[in-house]
Each structure stands twice: as C-alpha cells, then as structure tokens.
Amino acid sequence: MKKYLLTRQELSQLLDRLAKETNLYAPVKDKTGATWGKVKNTAEVHLEEVNTREPAKGFIFPRCEVLLRFDQKGNALEPEPPEEQIVFGIRPCDARAIAFLEKFYTIEGKTDPYVKARREKTTFIGLACNRTAPTCFCLALGGSPHDATGMDLLLTDLGDLFLAEPLTAKGEKLIAGYPEAKNEHLTAGAKLRKKAEAEIPLRIDTAKLQEVLPKAFASKIWETLALNCVNCGACTFLCPTCHCFDVTDETVRGSTVRCRVWDSCQFTLYSRHASGHNPRLDPRARYRNRVMDKFYYTVEQAGVISCVGCGRCIIACPANIDIRTTVERLLKEFPEE
Amino acid sequence: MNNPYLPLPMRIERVVIENDARDLKTFDLAFVNDSDRKGFQFLPGQFAFLSIAGVGEAPFGIASAPHEPLIKFTVKRVGVFTTALHELEPGAIIGMRGPWGNFYPLELMTGRDVVIVSGGFSFTTLRATIAHLLLPENRQNFGKITAIYGARSPGELLYKDEIRQWEKSPDLQLVLCVDRLNGADWPKREGLVPNVLKEVAPPAANAIALVCGPPIMIKYTHPVLKDLGFKPDQIFLSLENRMKCGIGKCGHCNIGPKYVCKDGPVFSYSQLLNLPPEY
Ligand SMILES: Cc1cc2nc3c(=O)[nH]c(=O)nc-3n(C[C@H](O)[C@H](O)[C@H](O)COP(=O)(O)OP(=O)(O)OC[C@H]3O[C@@H](n4cnc5c(N)ncnc54)[C@H](O)[C@@H]3O)c2cc1C
Ligand code: SF4
Ligand code: SF4
Ligand code: FES
C-alpha cells in the first residue's frame with residue numbers, strides 16, 4: 001500500500017482533532033511507566049516507554065464487560081452497542097494480538113458478537129518500534145518491531161516526519177489529503193526497521209515447535225520448567241492474546257447484570273468440575289497448558305501461534321519464569337529425550 | 001444481533017423429584033415464545049445452559065428427545081446455581097441458551113446394535129437417546145438396543161415411570177443395577193456398572209457403545225468394552241469439563257487443542273486416545 005507523510009505538528013493536530021470528535025485512547029504516564037488512558041489532547045500522550053504495561057486487548061475484550069442486563073422480571077436484555085474509539089500508539093506486537101483475538105473469537109461459525117462489534121468500532125493507529133526492550137522477541141515469532149498486522153494505520157517516526165501506512169479503509173480515511181511519501185522516506189523507514197530488528201537476536205524454529213510440543217506433553221521436563229510457578233496468573237492477565245473469561249452475575253445499585261471477566265488457566269479452580277474432579281490439579285499441568293496453548297493449540301484452532309513476543313509475562317512473573325527459556329529448552333531437548 | 005449469550009425465556013411446567021436423597025430434580029421446560037421453539041433444534045447428546053437472573057448459569061445435558069414437546073433437564077443440587085434452580089416451582093421463568101455441542105453418532109449407529117452404558121445421574125442424555133431410538137419411525141434403523149444403567153442405590157435411579165415402561169419394551173434390553181443394596185429389597189442386580197457390563201457381555205460385532213458417567217466410571221468401563229471386542233472407534237463417550245461459554249471462546253473446557261463444548265461433549269474413544277488426558 002501507498003505510504004504518506006505527516007509532520008510532527010500535523011500529527012499533533014490530527015490527534016487533538018480526534019480527541020475532540022471521538023474517544024481517543026493512548027499510552028499515558030503513570031507511576032511505573034505507561035498505561036492506557038483516555039486523552040483530551042496530544043500533550044497527555046506518553047510514548048517514552050517501549051510499551052504499555054497492560055496490553056491493548058481490553059479495547060476489544062475488556063477486563064470486565066456487561067454481557068446482559070436483566071429487567072425487573074428477569075428478562076435478559078442486550079447492553080447498548082459500544083461507542084466509536086480510536087486507539088493511538090499501539091505497538092506491532094499488540095496489534096498482531098488484536099488480529100489473533102479477532103480471528104479466534106470469530107472462527108468456525110460461532111462468533112462472539114461483543115468482540116466483533118468492538119473491533120468494528122475501533123480504529124488502531126499503531127506506532128512502529130524504533131527501540132526495543134531486552135524482553136522483546138516479536139521477531140522470533142514472525143513479527144517485527146515494524147510489522148503492520150492488525151493495524152488500521154501504521155506510523156513510523158522518522159524524526160521530524162512520520163511515515164503513515166494505511167492498512168484498512170478506516171486508516172485511509174484518517175490519512176486522506178496528506179502528501180505521499182517519497183523514496184528517500186521509504187528508505188529511511190526501511191533502515192529503522194532493520195536497525196530495530198537487529199536488536200532482537202533470538203530466533204525460534206516455529207515449524208519444529210509444532211512437532212516438538214505434542215511429543216513433549218507427557219515429559220517430566222515440565223516439572224523443572226514450572227518449578228517456581230506460584231500460579232498467580234499475572235502472565236495471563238498481562239498477555240495480549242490470552243482470551244479466557246469467566247461469566248458471573250452481579251447486582252450493582254439494585255440492577256442485575258451478567259458480566260464476563262478475564263480468567264486464567266493458571267488458577268486451580270479454572271478447570272475444576274462441580275463434582276470436585278479437576279483435570280489440571282497440579283501447577284505443572286497448568287503451566288504446560290499455557291505454553292501449549294500459545295505455541296500449539298491455537299495453531300490447531302486458528303492457524304497461528306498466539307504468542308506475539310511482547311515479553312510482558314517475562315517482566316511480570318514474580319518467579320522469574322521466562323517463556324523464551326521454556327521454548328528454547330523444549331526445542332533443545334526434543335525429540336532426543 | 002445473533003447473540004449466543006442471550007438466554008431464551010422458558011417456563012417451568014413440571015418439577016419431578018427423582019431420588020430418595022431429593023437432590024436430583026427433573027425440570028420440564030416450555031418455550032415462552034413460539035418462535036423460539038421453532039428455532040431450537042437439537043439431537044440427543046447436546047447440552048444447553050440454564051440461566052437465572054442474578055444467580056448465573058450452568059450447562060446441562062438435554063434429557064428430552066427431539067420429538068418430546070417439553071425440554072427436560074435433570075439437575076443435581078451441588079452448588080450455587082443448582083440450589084437456586086432446585087428452589088423454583090412450576091410457573092417460574094428461567095433462561096436457556098443452546099443447544100451447544102455435538103451429539104451421539106446417530107448416522108454411524110444406523111444399521112448397528114447400540115450398547116448404552118451409564119452410571120449415576122449422567123444418564124440424562126442417554127435417556128434422550130433411548131427415547132429417540134425407541135420411536136416407531138426410528139426403530140427399524142437400529143439393531144438390538146442394550147442399556148446398562150447403574151445407580152448407587154435403588155432410590156437413586158432416575159426416570160422411574162419410564163424405566164417401568166422400557167422394561168416391558170421388546171425393543172430394548174434394559175439392565176438395571178445398584179452399587180450396593182444395604183439390605184434394601186431389590187430384585188435386580190447388585191454390582192458396579194463395569195462388572196455388570198462384563199456379565200451382560202453384549203456382542204461387539206457391528207455395535208456402537210455409548211458411555212456416559214463420571215470420569216472414574218469411564219476409566220473402568222473402557223477395559224471391559226475392550227475385552228468384549230469393542231474397538232476405540234466403536235466407543236463414544238460424553239464428557240463434562242467445566243464450561244462458561246459453550247461456544248469455544250472462554251477457554252475453560254479444553255482437552256489439548258479441542259474444546260469439549262464445541263468439538264464434544266461426545267468423543268469417540270479413538271479421538272480421546274489422540275488427546276491429552278485432561279478430563
Ligand atoms: C456438558 C455438560 C453437561 C452437564 N449435564 C448435567 C446434567 O444433566 N445434570 C447435572 O446435574 N449436571 C450436569 N452438568 C454439571 C453441571 O454443569 C454442574 O453441576 C453445575 O455447573 C454446578 O453449578 P453450581 O453453580 O450449582 O455449582 P457451583 O456453585 O459452581 O459449585 C459446584 C461445586 O464446586 C464447589 N465450588 C464452587 N466454587 C468454589 C470455589 N471458589 N472454591 C472451592 N469450591 C468451589 C462448590 O462447593 C460445589 O461443591 C453438566 C456439565 C456439563 C459440562
Ligand atoms: S506469552 Fe508472554 S510474550 Fe507471549 S504474547 Fe503473551 S505476554 Fe507476550
Ligand atoms: S506470572 Fe509466573 S508465577 Fe505467575 S502464573 Fe505466570 S508463570 Fe506462574
Ligand atoms: S465452555 Fe467456553 S470454551 Fe468451552
């Protein structure tokens with residue numbers, strides 16, 4: 001697709017206008033870094049961190065969401081449809097995660113209407129990463145710090161100018177009227193991409209993983225890999241592709257709603273039957289489920305590995321468990337074992 | 001919006017207390033809206049979620065056959081939702097969403113003998129299957145039907161009226177058993193389902209076995225079926241992993257890459273042999 005050019009000032013003006021016209025969300029500063037917030041103008045936007053602490057998945061799959069309301073007679077009513085929103089500053093790993101969630105929630109004829117409606121009402125304006133963190137490994141999984149998957153519009157910071165690549169009609173609309181980029185700008189963008197990619201040394205043989213993982217299921221190696229896991233679930237709550245939820249009824253100020261909230265397969269009660277039987281009683285089995293789900297199960301279900309290499313689980317884990325180490329060890333020890 | 005989370009309103013028409021312990025009740029539900037009834041088509045083996053506003057929802061196997069006018073669920077009181085449901089009386093309106101999941105392999109069963117093995121209150125979807133197979137228009141499509149059904153004690157057997165009729169039916173060999181008698185007056189068999197299955201020994205040639213029960217029963221039933229000559233692709237089991245959505249999104253019910261709510265609840269034993277033991 002064609003790429004366009006905006007000056008830094010034009011981008012500020014565009015964002016200020018969007019903040020007035022619609023709901024604009026962007027990374028904002030908080031005590032320990034950056035988090036997602038609704039912004040009124042460009043000045044509030046905080047792009048100094050490599051990424052936000054929480055993923056962007058909440059924009060299409062909120063942490064807590066009303067599925068139904070009940071009237072006095074107990075009849076179930078659907079909630080109001082979601083509002084339009086524009087998310088600025090999403091990084092390529094998170095946008096790929098959005099693309100995965102969108103796919104996962106609509107596969108095989110059974111569509112989740114809430115996720116679908118939210119994605120339709122959301123525009124993602126992404127920002128390519130010129131800088132990476134030591135925990136980033138998107139490149140190892142087929143992504144890139146400059147990948148455009150899942151975005152509506154991708155911006156690359158060239159200094160005084162921004163390269164803007166529209167990926168969808170929504171993105172086209174935003175960028176209409178700006179001048180087209182010239183060859184020199186495209187070359188500058190490509191250079192930045194190369195430099196950022198070079199910062200990620202890790203490579204993972206994802207094709208081999210598909211052979212290794214089913215073989216590794218019954219292995220004792222999981223005891224070592226999950227030895228320190230305290231089943232806190234931080235890794236799953238911060239993961240941009242984790243899609244599990246629980247459904248509960250709540251009464252808030254006298255009115256009853258049915259909500260869904262994020263859930264985690266790392267919790268003991270997650271798979272417990274009402275009879276008391278629990279197919280995944282020990283922590284090792286639960287850690288294994290998470291890893292298998294990311295790198296193997298979702299390949300079977302949706303055709304893609306669902307780890308996007310954002311590194312959040314590595315940063316958050318209180319037990320210092322590093323999913324890269326897990327994958328590397330699995331690849332190293334199988335099929336020899 | 002075609003919303004799979006939106007329950008349809010259902011009226012409780014009848015409640016039957018099924019057992020001596022009084023913790024199993026069958027609820028006969030009628031559609032409040034005629035249009036919903038037309039849209040609700042299912043086959044034996046499928047399940048649906050029942051919903052009570054403010055309490056929540058839970059999945060249950062559909063115990064009625066497709067031809068029966070009311071939708072039946074037999075529910076054991078075990079926790080929050082099931083207790084609230086047990087407290088409702090005829091006339092109450094609740095919600096239902098579904099039908100979800102796959103069904104017993106009726107096509108594969110056509111022209112073959114059918115062996116039904118069930119323990120405890122998991123008999124529900126097999127009740128639906130028996131009622132379906134015994135329909136005069138379906139009868140000629142299937143061979144000999146043998147059903148082995150066990151409960152803890154005589155007072156814990158479900159669907160007593162129907163059982164009485166089925167026992168008289170020339171089309172069905174119904175073998176009832178109870179785990180232990182404890183002095184109760186019971187003219188039929190005492191023994192665990194797998195052992196009774198061994199004694200009855202239905203021939204495996206050209207037969208399909210349907211098994212439904214707690215994981216422990218499934219575990220002990222399979223070796224017996226194997227000894228009787230049943231191959232893994234002749235055995236079908238219904239599983240009950242924990243569920244929240246019923247449509248393959250919430251993640252709760254997975255067995256490896258499969259979801260019990262969507263790819264099951266009915267699996268052939270050969271399918272399960274290729275999946276991790278997570279049920
Ligand atoms: C496909 C399918 C078909 C089914 N068919 C039937 C059927 O036909 N009939 C039937 O009766 N059941 C059936 N079930 C099982 C049924 O869904 C469960 O019994 C039901 O969900 C229980 O709901 P509840 O809210 O009453 O129990 P819950 O309140 O969820 O609790 C069940 C048990 O777990 C314990 N528990 C709950 N929360 C916690 C916690 N936080 N910590 C520790 N313990 C806890 C409770 O004490 C209780 O003993 C089926 C299940 C599936 C998946
Ligand atoms: S598994 Fe970890 S690195 Fe992979 S997407 Fe999830 S949080 Fe990011
Ligand atoms: S963050 Fe670490 S300790 Fe917590 S559940 Fe995940 S792997 Fe286990
Ligand atoms: S019940 Fe939600 S995935 Fe099966």
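Is Glu180(A) buried, partly exposed or exposed, and what is its relative accessibility? In this predicted model, Glu180(A) counts as partly exposed, because its relative accessibility is 43%. Its side chain doesn't sit alone either: Glu180(A) meets Lys2(A) in a salt bridge, with 3.7 Å from N to O. Lys2(A) belongs to the segment before strand 1 (4-7) of chain A, while Glu180(A) belongs to the loop between helix 4 (169-175) and helix 5 (183-198) of chain A, so this bridge ties together parts that are 178 residues apart in sequence.

That bridge is one of 36 salt bridges over all chains. Another one stays inside a single helix. Glu21(A) and Arg17(A) are joined at 3.3 Å, N to O, and both residues lie in helix 1 (residues 8-21) of chain A. They're four residues apart there, about one turn of the helix. Glu21(A) counts as exposed, because its relative accessibility is 56%, whereas Arg17(A) is partly exposed at 41%. Helix 5 of chain A has a pair spaced by four residues as well, Glu197(A) and Arg193(A), again about one turn of the helix. Here the salt bridge spans 3.0 Å, N to O, and Arg193(A) is partly exposed, with a relative accessible area of 33%. Salt bridges can also join up into networks, and one such network links Glu65(A), Asp112(A), Arg118(A) and Arg260(A).

Arg260(A) brings the aromatic rings into the story. Besides its place in that network, Arg260(A) lies over the face of Phe245(A), 4.7 Å from the ring centre. Arg288(A) does something similar with another ring: it lies over the face of Phe217(A), at 3.7 Å from the ring centre.

Rings also pair with each other. To describe a pair of aromatic rings, one gives the distance of the centres and the angle of the planes. Over all chains, the count comes to 21 aromatic pairs. Take Phe61(A) and Trp262(A): their rings form a tilted pair, 6.2 Å centre to centre, with 35° between the planes. This pair links distant parts of the chain, since Phe61(A) is in the loop between strand 3 (33-38) and strand 4 (64-70) of chain A and Trp262(A) is in strand 11 (residues 255-262) of chain A, 201 residues apart. Both partners are tucked away from the surface by the accessibility numbers: Phe61(A) counts as buried at 1% relative accessibility, and Trp262(A) is buried with a relative accessible area of 12%.

A second pair, Tyr114(A) with Tyr5(B), is tilted as well, at 5.8 Å centre to centre and 55° between the planes. This one crosses between chains, running from Tyr114(A) in helix 3 (residues 113-120) of chain A to Tyr5(B) in the segment before strand 1 (8-17) of chain B. Tyr114(A) counts as buried at 6% relative accessibility, and Tyr5(B) is buried too, with a relative accessible area of 2%. Step back a bit, and these four rings turn out to belong to a cluster linked by ring pairs, whose members include Phe61(A), Trp262(A), Tyr114(A), Tyr5(B), Phe245(A) and Tyr259(B).

Next comes a polar residue, Asn278(A), in the loop between strand 11 and helix 9 (283-302) of chain A. Asn278(A) counts as buried, because its relative accessibility is 12%. Leaving out residues up to four places away in sequence, Asn278(A) touches Thr268(A), Ser271(A) and Arg272(A). Its side chain reaches two backbone atoms: the oxygen of Thr268(A) at 2.8 Å and the nitrogen of Arg280(A) at 3.1 Å. Gly109(A), on the other hand, is 169 residues from Asn278(A) in sequence and 30 Å from it in space, C-alpha to C-alpha.

Over in chain B, strand 1 has two partners to look at. With strand 6 (residues 93-100) of chain B, strand 1 pairs in the antiparallel sense over four bridges, and Leu8(B) has Met96(B) as its bridge partner in strand 6. With strand 2 (residues 24-31) of chain B, the pairing is antiparallel over seven bridges, and Arg11(B) is matched with Ala30(B) in strand 2. Strand 1 and strand 2 of chain B form a hairpin with six residues between the strands, and in this hairpin Arg22(B) takes a positive phi near 60°.

Terms used. Residues numbered from 1 in each chain as written. Chains lettered and ligands numbered in written order. Predicted model: local features only at pLDDT ≥ 70, side-chain atom pairs only at ≥ 80, totals over all residues. Heavy atoms only, no water. Phe/Tyr/Trp six-rings, centres within 6.5 Å; stacked < 30°, edge-to-face > 60°. Helix = DSSP H or I, 4+ residues; strand = E, 2+ residues; numbered from the N terminus. Buried < 20%, exposed > 50% of the residue type's maximum accessible area, 1.4 Å probe, protein only. Lys NZ or Arg CZ within 6 Å of the ring centre and 35° of its normal. Salt bridge = Lys/Arg side-chain N within 4 Å of Asp/Glu carboxyl O. Contact = heavy atoms within 4.5 Å. Polar contact = N/O pair within 3.5 Å; in protein donor to acceptor, adjacent residues only side chain to side chain. Pairing = 2+ DSSP bridges.
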